[in-house]
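Work through the exercises below with the sequence and the model at hand. Each task is followed by a solution in steps.

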Protein chains: 2
Amino acid sequence: MGKNMLIGQSGGPTAAINATLSGVILEGIRHSEIDGIFGAINGIQGILNKRIIELQSQIKTDEQFKMLECTPAMALGSCRYKLPAFDENPDLYEDILNTFHEYGIGFFFYIGGNDSMDTVRKLSDFFQSKGEDIKCIGVPKTIDNDLYNTDHTPGYGSAAKFIATTMTEIARDCRVYPVKSVTIVEIMGRNAGWLTASSAIAKTLGFTAPHLIYLPEVTFDLDKFLADVKEMQQKHRTVIVAVSEGIKFANGKYVSETESTGQVDAFGHKYLAGAGKYLERFIASKLGCKVRSIELNILQRCAAHMLSATDIAEARRIGQFAVRYALAGQTGVMVAVKRVSDVPYIADIVTVPLEQVANVEKKFPLEWITPDQRGIEERFFRYVLPLISGEVIYPTENGIPKYFDFEKTFLGI
Amino acid sequence: MGKNMLIGQSGGPTAAINATLSGVILEGIRHSEIDGIFGAINGIQGILNKRIIELQSQIKTDEQFKMLECTPAMALGSCRYKLPAFDENPDLYEDILNTFHEYGIGFFFYIGGNDSMDTVRKLSDFFQSKGEDIKCIGVPKTIDNDLYNTDHTPGYGSAAKFIATTMTEIARDCRVYPVKSVTIVEIMGRNAGWLTASSAIAKTLGFTAPHLIYLPEVTFDLDKFLADVKEMQQKHRTVIVAVSEGIKFANGKYVSETESTGQVDAFGHKYLAGAGKYLERFIASKLGCKVRSIELNILQRCAAHMLSATDIAEARRIGQFAVRYALAGQTGVMVAVKRVSDVPYIADIVTVPLEQVANVEKKFPLEWITPDQRGIEERFFRYVLPLISGEVIYPTENGIPKYFDFEKTFLGI
């Protein structure tokens with residue numbers, strides 16, 4: 001008889017995160033070394049609260065797995081809980097170990113971003129220091145694509161596909177009227193420009209939009225921005241601008257956190273506009289044309305109606321490989337993608353140490369930003385196009401998507 | 001030899017408007033009474049400026065028609081130009097007639113909303129008063145679904161499908177964290193609640209979201225809203241609210257136009273928040289939980305990656321019937337949809353007089369709003385479900401949609 005395995009999901013939602021969960025479960029079922037397949041509700045918090053459910057009996061058919069893979073945002077719930085260092089709260093670690101013993105857990109898979117990898121590292125170190133044979137594997141996900149030591153992260157491809165597609169639609173929409181206009185599209189990415197850069201993909205099909213692109217990797221300057229817009233207006237009636245939510249001024253302040261005295265909302269509270277709204281009003285105050293800002297908002301991370309087939313297949317595969325590497329005896333590692341070739345796209349699924357992943361954010365390469373600092377170099381397209389390739393036909397009912405749900409009946413031990 | 005036909009597109013973009021254009025062209029090709037097939041660039045403005053192009057030679061293959069039908073926003077450009085009454089500017093009417101003569105136009109099809117139907121009516125009346133044999137047919141489109149005398153309008157089904165789908169995704173996204181939150185989704189519809197009501201479709205698949213729905217047909221009250229949210233928070237950790245951009249207070253003012261003294265933006269200008277942002281800040285000031293607002297923005301009208309197959313097929317069919325009715329001798333009418341049955345969905349394409357269409361907005365029926373004025377009655381689902389039924393697989397290249405473009409070479413006469 002084998003040991004049980006436990007899966008948790010953590011951090012911000014992605015549209016592909018349940019494809020990884022699907023892969024972990026699918027692979028878990030195949031191996032006799034693994035007995036029960038359990039899920040922690042709301043990540044590490046579910047372990048601390050013993051909110052643990054049984055998964056295997058709930059999902060069996062191909063149709064159910066397909067539905068799960070097309071369900072956006074963590075099917076097991078998520079958390080934003082950062083595990084304290086061992087020294088700060090050793091009892092907490094002992095509690096977790098006791099829970100793992102109670103539930104007979106020999107394998108732990110944590111699907112998440114930087115913070116989740118930090119959690120995996122801490123738990124793995126602790127278990128090893130206690131001589132416990134519990135394999136802990138980090139499984140990456142994040143639309144931000146800012147994890148170190150992996151070519152990219154599952155979830156990024158689908159988000160990039162949504163952003164690129166939406167950009168083509170916005171560009172078509174904005175140009176129907178014979179009037180001058182500026183449209184500012186605000187895209188997610190607090191510190192890394194990967195998502196905003198993906199708005200440029202439309203250019204590979206001959207779109208001139210987005211005409212200006214600003215990433216958080218480059219200091220944002222209002223005067224240069226105004227000059228850029230004016231310059232583009234000479235050539236294009238409708239100017240489309242893509243900005244990252246995380247652009248910062250030279251003083252290090254986020255554009256989105258800029259305020260002026262007296263800027264309060266209708267309820268007397270300090271009001272923080274997003275970067276897009278701020279720039280919309282800036283341009284409106286400087287130029288006499290129609291200005292609009294569009295915040296793509298959380299649709300970027302949850303639009304499961306627009307999945308990249310490559311992303312979903314890879315997210316599943318990464319989940320499967322996580323189980324295989326654990327069974328091969330690895331622990332304290334993250335599963336990662338190592339690209340072998342752009343065209344045809346070939347990638348290996350490998351494992352990498354967690355230290356760097358947990359503490360370093362992978363920024364958009366400066367050499368992939370054009371010298372005028374308002375565009376994206378061709379090289380990026382070779383990188384990103386394979387990741388957004390292919391469409392997924394999702395299950396529907398009544399004309400809308402049909403999602404998978406686990407019954408949240410907690411295991412009594 | 002036949003006469004030429006001229007097509008124009010006008011008003012706000014929809015994702016289905018080019019399927020109607022496709023239908024008009026397809027049908028025009030089939031009839032020997034029709035010679036050249038021309039398009040006016042930017043609607044009636046293109047007629048006034050003689051920016052007229054030839055269409056038939058540019059689009060021939062099934063693949064091209066399919067691409068055109070999946071291209072969002074007017075392929076011929078649009079305008080927001082309202083034709084003055086004849087008495088105000090008779091010369092303008094004579095100019096238009098001269099242009100029609102120059103280009104040999106015997107059939108005019110104008111695809112648009114209320115204002116466009118007004119234009120068709122004025123031109124048709126004028127041509128008839130002059131004894132001119134020029135058939136003018138209005139062809140409806142609008143995501144707002146607010147046209148009188150037609151069961152619904154092409155474009156609404158796809159927009160409703162996008163909103164309903166997005167609502168399921170937002171609902172899944174918002175509930176992943178084990179914390180209380182309120183999410184306010186602002187949906188288009190200045191005076192009619194059809195689009196906002198479509199957010200309720202998720203309920204047919206067992207979603208509890210959106211928990212509260214506010215349409216412009218019902219006076220909006222802040223105190224009732226706060227009480228509603230508090231009540232829902234007793235039952236649901238994450239409360240999702242759908243509001244129309246056009247909700248108004250009892251004093252007749254749009255919620256989106258509400259201001260308080262000193263509410264200026266960073267550039268010293270009066271700042272108008274949208275209805276969603278306003279309510280977000282209101283709830284944040286009253287309740288201590290996480291609050292977010294999401295504006296679905298122009299994606300509602302241009303998300304051609306999420307077309308309703310029923311909507312597109314019907315949009316095309318309406319275009320085809322417009323040509324047939326013109327050839328049958330009708331003029332000064334609008335093509336309209338007359339529903340025969342909900343299940344199975346059967347609808348006839350008929351013609352209706354333009355007078356009422358041009359001047360009356362069709363509101364969401366009050367009897368389809370629940371008595372507590374914050375929900376939608378079951379009856380609406382029977383109406384809307386056929387309209388969002390079926391998915392369209394759109395042409396892609398590089399993982400993003402591939403659109404159709406007409407060369408804008410103006411005809412020299």
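The exercises treat a predicted model and go from the chain interface to a sheet, a helix pair and some loop residues.

**Exercise 1. The interface**

Task: Describe the interface of chain B and chain A by its residues in contact, its buried area and its polar links.

Solution:
- Start with the contacts: 75 residues of chain B touch 75 residues of chain A.
- Next take the area. The two chains bury about 6100 Å² between them, and 60% of this lies on carbon and sulfur atoms.
- Then count the links. Six salt bridges cross the interface, and 29 residue pairs are in polar contact across it, both residues being at pLDDT 80 or more.
- Assign the side of chain B that touches chain A to its elements. H6 (156-174), H9 (275-286), E9 (290-295), H10 (299-302), E12 (396-397) and E13 (400-401) of chain B each give at least two residues. Helix H6(B) has the largest share, with 11 residues.
- Sort that side by class: 38 residues are nonpolar, 22 polar and 15 charged.

**Exercise 2. Applying the salt-bridge rule**

Task: Test the pairs Arg175(A) with Asp405(B) and Arg190(A) with Glu257(A) against the cut-off, and place the second pair in the chain.

Solution:
- The rule asks for a side-chain nitrogen of Lys or Arg within 4 Å of a carboxyl oxygen of Asp or Glu.
- For Arg175(A) and Asp405(B) the closest N and O atoms are 2.9 Å apart, and the pair forms a salt bridge.
- For Arg190(A) and Glu257(A) the corresponding distance is 3.5 Å, and this pair also forms a salt bridge.
- Arg190(A) sits in the loop between E6 (181-187) and H7 of chain A, and Glu257(A) in the loop between E8 (238-244) and H9 (275-286) of chain A, so the pair ties together parts 67 residues apart in sequence.
- Over all chains the rule gives 48 salt bridges.

**Exercise 3. A sheet of chain B**

Task: Give the strand order and the edges of the open four-stranded sheet in chain B, and find the helix that packs on the sheet.

Solution:
- The order is E7-E8-E6-E9 (chain B), and the pairing is parallel.
- Strands E7 (212-214) and E9 of chain B pair on one side only, which makes them the edge strands.
- On average, neighbouring strands are turned by 15° against each other, direction ignored.
- At the E7(B) edge, three bridges join this strand to E8(B), residues 238-244. Here Tyr214(B) stands opposite Val243(B).
- Helix H8 (residues 222-235) of chain B packs on the sheet and touches E6 (181-187), E7 and E8 of chain B; its direction makes about 160° with that of E7(B).

**Exercise 4. A helix pair**

Task: Characterise the packing of H1 (residues 17-30) and H3 (residues 62-69) of chain B.

Solution:
- The helices pack at an angle of about 145°, with their axes 7 Å apart.
- H1(B) contributes residues including Leu21(B), Ile25(B) and Ile29(B), while H3(B) contributes Phe65(B), Leu68(B) and Glu69(B).
- The residues of this contact comprise seven nonpolar, two polar and one charged.

**Exercise 5. Backbone features in loops**

Task: Where do Pro210(A), Pro344(B) and Asn398(A) lie, and what is the backbone feature of each?

Solution:
- The Ala209(A) to Pro210(A) peptide bond is cis, with omega near -5°. Pro210(A) lies in the loop between H7 (194-198) and E7 (212-214) of chain A.
- The Val343(B) to Pro344(B) bond is cis, with omega near -5°. Pro344(B) lies in the loop between E10 (333-341) and E11 (346-353) of chain B.
- Asn398(A), a residue other than glycine, has a positive phi, near 55°. Its place is the loop between E12 (396-397) and E13 (400-401) of chain A.

Methods: Residues are numbered from 1 along each chain as its sequence is written. Chains are lettered from A and ligands numbered from 1 in the order in which they are written. This is a predicted model: local features need pLDDT of at least 70, side-chain atom pairs count only at pLDDT 80 or more; totals for chains, interfaces and linings use all residues. Side-chain values use heavy atoms; hydrogens and water are left out. Contact means heavy atoms within 4.5 Å. Buried area is the accessible area (1.4 Å probe) that two parts lose on being put together, summed over both. A polar contact is a pair of N or O atoms within 3.5 Å; within protein, one must be able to donate a hydrogen and the other to accept it, and residues adjacent in sequence count only if both atoms are side-chain atoms. Ala, Val, Leu, Ile, Met, Phe, Trp, Tyr, Cys and Pro count as nonpolar, Asp, Glu, Lys and Arg as charged, and the others, Gly among them, as polar. Two strands pair if DSSP finds at least two bridges between them. Axes are lines fitted to C-alpha atoms, for helices over the stretch in contact, and angles run from 0 to 180 degrees between N-to-C directions.
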